[in-house]
Amino acid sequence: MKAGVMLCWVAVAVLALFAIVAIWRQDWLGGDDAVLVDAMGGAMTAIVAVPLVMFVISRLCPAKRDTQMSPKEAKDYQADYEAIEDPYPENYMTASISGFRYRSRLHLMRLKKRLKGIGPEQQYFVAEDYTVCYTINGTDKHVTVPKGTLTDLASVPRCFRWYVGRVGPHLEASVIHDYLYIAWQLEKASNGFSNRTSEMRRFADDLMLAAMKAAGMGCKALVIYFAIRCFGRGIFFDPNPEPLILDLEKLFKECGSEPAASSGKDPRSSA
């Protein structure tokens, strides 16, 4: 975008230079022929005036697709957390997850203009409720990532992205894991939901491993799992000061835009 605007300004500057030549040194263009001098002067004026006017109009009257307003601070679009259900099972026992299934497509979006108040990589959000199912102790359960949930895709340090990228077959599992790492912050402590425990974190990690295996990952899934088990404790237990879930209706309304019909990724396995 910036390169295109710069190119336009360079073109205008060049044309303006020719116009100056046509006006002040007409003899360079037409010599001693007065008719030719007038003709060249008029032509150069038109060559400069028409593109210049069109350029000014294009800047003052942008196309409809570029009329999106700049969003405000992310905190101004924070969703109401009261209705979010508790995604953690009671009395979770390690390695008791079985029968993991993807039940819906993952739809991710981001705004054209950056949302202020959150990190530069935390600009993606879940556009529609995203649900996965699993079986624990013979009981079928589900986890639904609410629409509007912010994510940085796969949270991989830059130095390791040559091995594990921000997107890949682990993407859906990463989004689920991101949500489970912040979901305990969504309700008031009086509801008991904010009393985070090591079992809740273990469940988030184990469910991510089950999701990666369901996506057909092998050795790399284990590498990712052991990495989050070793280094994820601080991320889970530290409250996040930034907004966690956005009110998309309010966001799209105030930004002068509507949610696009996004094409979600195919789930890695069928229910």
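This briefing covers the fold, cores, strand pairing and largest pocket of one protein chain. The model is predicted. The chain contains 8 helices and 6 strands, and 40% of its 271 residues count as buried. Its largest nonpolar core holds 50 residues, and its largest pocket encloses about 1000 Å³ of space.

**Overall fold**

- Along the sequence, the elements run in the pattern α-α-α-β-β-β-β-β-β-α-α-α-α-α.
- Of the contacts between residues at least 6 apart in sequence, 75% join residues at least 24 apart.

**Nonpolar cores**

- Nonpolar side chains tend to be buried together in soluble globular proteins.
- Within the 50-residue core, the members that touch the most other members are Phe100, Tyr179, Leu180, Leu186, Phe203 and Leu207.
- Two or more residues of this core come from each of the strands β1 (97-102), β4 (130-136) and β5 (139-145), and from each of the helices α4 (171-182), α5 (198-214), α6 (219-231) and α7 (233-237).
- Helix α5 supplies the largest share of this core, with 9 residues.
- A second core, separate from this one, has 14 residues, including Met109, Leu150, Leu248 and Cys255.
- Leaving out residues up to four places away in sequence, Phe203 touches Pro87, Tyr88, Pro89, Tyr92, Ile97, Tyr134, Val143 and Leu180.

**Met212 and its surroundings**

- Met212 belongs to helix α5.
- Met212 has a relative accessible area of 0%, so it counts as buried.
- Beyond its neighbours within four places in sequence, Met212 contacts Tyr102, His170, Ala173, Met217, Ala221, Ile224 and Tyr225.
- One of these partners, Tyr225, is 13 residues from Met212 in sequence, and the two C-alpha atoms are 9.3 Å apart in space.

**Three-stranded sheet**

- One open sheet has 3 strands in the order β2-β3-β6, with antiparallel pairing.
- The edges of the sheet are β2 (108-110) and β6 (150-151); each has a single partner strand, so one side of each has no neighbour in the sheet.
- Strand β3 (residues 124-126) pairs with β2 in the antiparallel sense over 3 bridges.
- Across this sheet, Arg110 stands opposite Tyr124 in β3.

**β4-β5 hairpin**

- Strands β4 and β5 pair in the antiparallel sense over 7 bridges.
- The two strands form a hairpin with 2 residues between them.
- In the turn, Asn137 has a positive phi of about 55 degrees.
- Val132 stands opposite Val143 in β5, and Val143 is also one of the residues touched by Phe203.

**Largest pocket**

- The pocket is lined by 37 residues, and those closest to its centre are Ala154, Ser155, Val156, Ile228 and Ile235.
- Helices α4, α6 and α7 are the elements that give two or more residues to the lining.
- These three helices also each give two or more residues to the largest nonpolar core.
- The lining divides into 20 nonpolar, 11 polar and 6 charged residues.

Notes: Residues are numbered from 1 along each chain as its sequence is written. This is a predicted model: local features need pLDDT of at least 70, side-chain atom pairs count only at pLDDT 80 or more; totals for chains, interfaces and linings use all residues. Side-chain values use heavy atoms; hydrogens and water are left out. A nonpolar core is a set of buried Ala, Val, Leu, Ile, Met, Phe, Trp, Tyr and Cys residues joined through side-chain atoms within 4.5 Å. Buried means under 20% relative accessible area, exposed over 50%, partly exposed in between (1.4 Å probe, protein chains only). Helices (H or I, at least four residues) and strands (E, at least two) are DSSP runs, numbered from the N terminus. Contact means heavy atoms within 4.5 Å. Two strands pair if DSSP finds at least two bridges between them. On a 1 Å grid over the protein atoms alone, a cavity is a set of points where a 1.4 Å probe fits but cannot get out, and a pocket is an open set with protein on both sides within 12 Å along at least five of seven lines; lining residues have an atom within 4 Å of a point. Grid points are joined across faces, edges and corners, and a volume is the space filled by probe spheres set on the points. Ala, Val, Leu, Ile, Met, Phe, Trp, Tyr, Cys and Pro count as nonpolar, Asp, Glu, Lys and Arg as charged, and the others, Gly among them, as polar.
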